[in-house]
Structure formats: structure tokens, C-alpha cells
Amino acid sequence: MSPVAVGGPALFIGTDTDYVALVRPELDPADPGVRQAAEQAGVTPEEFAGPGDTWAVLIEHGGEGGGFELPGVRDAEPADFAERLRAELAAATGGPFTVDGGALLRLDARPAGTTTDADAGGTGGDAYVFTAHVTPPDDPSDDDAGTPLTVETGPLSVAGLLADLDTFLGSLA
């Protein structure tokens with residue numbers, strides 16, 4: 001974890017150990033952690049915080065984490081992805097579905113089954129397992145860039161994810 005507090009819109013799909021997230025970090029230049037980090041970097045807190053308008057994808061799978069920035073992505077694109085995911089979940093009939101987020105992210109969803117899962121909050125059609133297919137953009141300085149990654153989440157409650165999607169969409173309004 002970073003000692004610097006990060007705000008901004010964030011959509012996490014998964015569990016504490018296996019997730020994919022769309023985030024737009026915003027640092028507060030007045031935050032003591034930001035001020036200290038800026039001093040260590042030799043820049044002003046405002047320069048260190050930056051504009052807070054760059055989206056990123058974060059992933060965690062089996063204790064391994066990573067992520068990459070999405071330069072040029074505007075709020076409308078993550079909002080569209082979230083709205084399509086929300087529509088699929090709201091209309092879910094207990095079958096699998098896919099939400100395509102373009103070249104970088106695709107979610108395949110399937111019902112979690114009929115077993116009760118405390119984290120999922122229920123059984124059967126009210127919980128889904130997601131397989132996120134993530135392809136980082138090409139970066140000549142990174143040997144792993146462009147290499148597709150797959151993250152499978154544990155069962156997630158449809159009601160909980162719908163609430164998270166509403167919160168995320170509200171943060172973009």
C-alpha cells in the first residue's frame with residue numbers, strides 16, 4: 001500500500017486477492033503524505049499530484065499485482081463499460097454473458113452455481129464469477145507489456161456489484 005492517500009473514481013470487480021479495477025487516482029496536494037512524497041521527489045506537491053485525469057487498470061491475482069495507465073481515456077469510456085456491465089447484471093437470467101471493454105479489457109461472467117458463499121451473499125443466480133481478460137498496451141520499455149493477463153474472481157453478489165456500479169457511476173456524474 002502507498003502511504004499517500006488516493007481518491008477519485010474506482011470500480012473494483014473481484015475479491016481482496018483476485019480483482020481487476022478501473023481507477024482514476026486523484027492526489028490531494030494538501031495531504032501530508034503527498035507533501036512528503038513531493039519533497040522526496042524534489043517537486044512541488046501540485047506537480048506531484050498532477051491533474052488526476054489519467055485512468056489506470058489495476059490487477060491482483062494470486063498475490064501478484066500490477067497495473068498500467070490508460071492515457072487518453074476519458075471518463076465516458078469507463079462509464080460506458082460500467083453502464084453495460086450494470087445492464088447485463090440487471091437483466092441477468094442466470095446465464096453467462098460478456099462485457100467487452102475494447103482491446104484492453106473484457107469480462108466474461110458466469111453464474112457462481114448453487115453453493116452458498118459468504119462473500120457472494122447468496123446462491124445461484126444472485127452471484128457471478130468473472131474472468132477478466134486484460135491486455136496491457138504495448139510499451140517498448142516493458143518486456144511484459146502487451147502480454148494478455150487473466151484474472152478470475154471468486155463469486156460476487158449481483159446486488160453488491162450493482163450497488164458498487166451505481167456508486168462508481170455517481171462518482172463520474
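The chain comes out with a mean pLDDT of 83, and 84% of its residues reach 70 or more; pLDDT is the predictor's confidence in each residue, from 0 to 100. Since this is a predicted model, local features need a pLDDT of at least 70 and side-chain atom pairs count only at 80 or more, while totals for chains, interfaces and linings use all residues. Residues are numbered from 1 along each chain as its sequence is written, and side-chain values use heavy atoms, with hydrogens and water left out.

Two stretches call for some caution. Over residues 1-5 the pLDDT stays under 50, and the model gives them eight contacts beyond four places in sequence, a contact being heavy atoms within 4.5 Å. Residues 114-124 are also below 50, with 17 contacts in the model beyond near neighbours in sequence. Where pLDDT is low, the predicted coordinates should not be read in detail.

Turning to the interior, the largest nonpolar core has 33 residues. Such a core is a set of buried Ala, Val, Leu, Ile, Met, Phe, Trp, Tyr and Cys residues joined through side-chain atoms within 4.5 Å. Ile13, Val20, Leu85, Leu89 and Phe130 have the most contacts inside this core. The top contributor is helix 4 (residues 158-172), which supplies seven residues. Helices here are DSSP runs of H or I with at least four residues, strands are runs of E with at least two, and both are numbered from the N terminus. Val20 shows what the surroundings of one core residue look like: setting aside neighbours within four places in sequence, Val20 touches Leu11, Phe12, Ile13, Val57, Leu58, Ile59, Leu105, Leu107, Ala132 and Val134.

Helix 1 (residues 32-41) has a clear inside and outside. Its buried residues are Gly33, Val34, Ala37 and Ala38, where buried means under 20% relative accessible area, exposed means over 50% and partly exposed lies in between (1.4 Å probe, protein chains only). These four cover an arc of only 130° around the axis, so they sit on the same side of helix 1; the arc is taken from the directions from the helix axis to the C-beta atoms. That buried side packs against strand 4 (26-27) and helix 2 (45-49). On the face turned away from it, helix 1 carries the exposed residues Pro32, Glu39 and Gln40. At the N-terminal end, Asp31 acts as a cap, with a side-chain oxygen 2.8 Å from the backbone nitrogen of Gly33. Just past the helix, Gly42 takes a positive phi of about 75°.

Charged pairs come next. The structure holds six salt bridges, each a side-chain nitrogen of Lys or Arg within 4 Å of a carboxyl oxygen of Asp or Glu. One of them pairs Arg106 with Asp108 at 3.1 Å, N to O. Both partners are partly exposed, Arg106 at 32% relative accessible area and Asp108 at 21%. Another joins Arg110 and Glu152 at 2.8 Å, N to O. This pair ties together distant parts of the chain, with Arg110 in strand 8 (residues 105-111) and Glu152 in strand 10 (residues 149-152), 42 residues apart. Arg110 counts as partly exposed at 37% relative accessibility, and Glu152 does so at 35%. Elsewhere, salt bridges with shared partners join Arg24, Glu26 and Asp75 into one network. Within it, the side chains of Glu26 and Arg24 meet at 2.8 Å, N to O. Arg24 is buried at 12% relative accessibility, whereas Glu26 is partly exposed at 33%.

Note on methods:
Polar contact = N/O pair within 3.5 Å; in protein donor to acceptor, adjacent residues only side chain to side chain.
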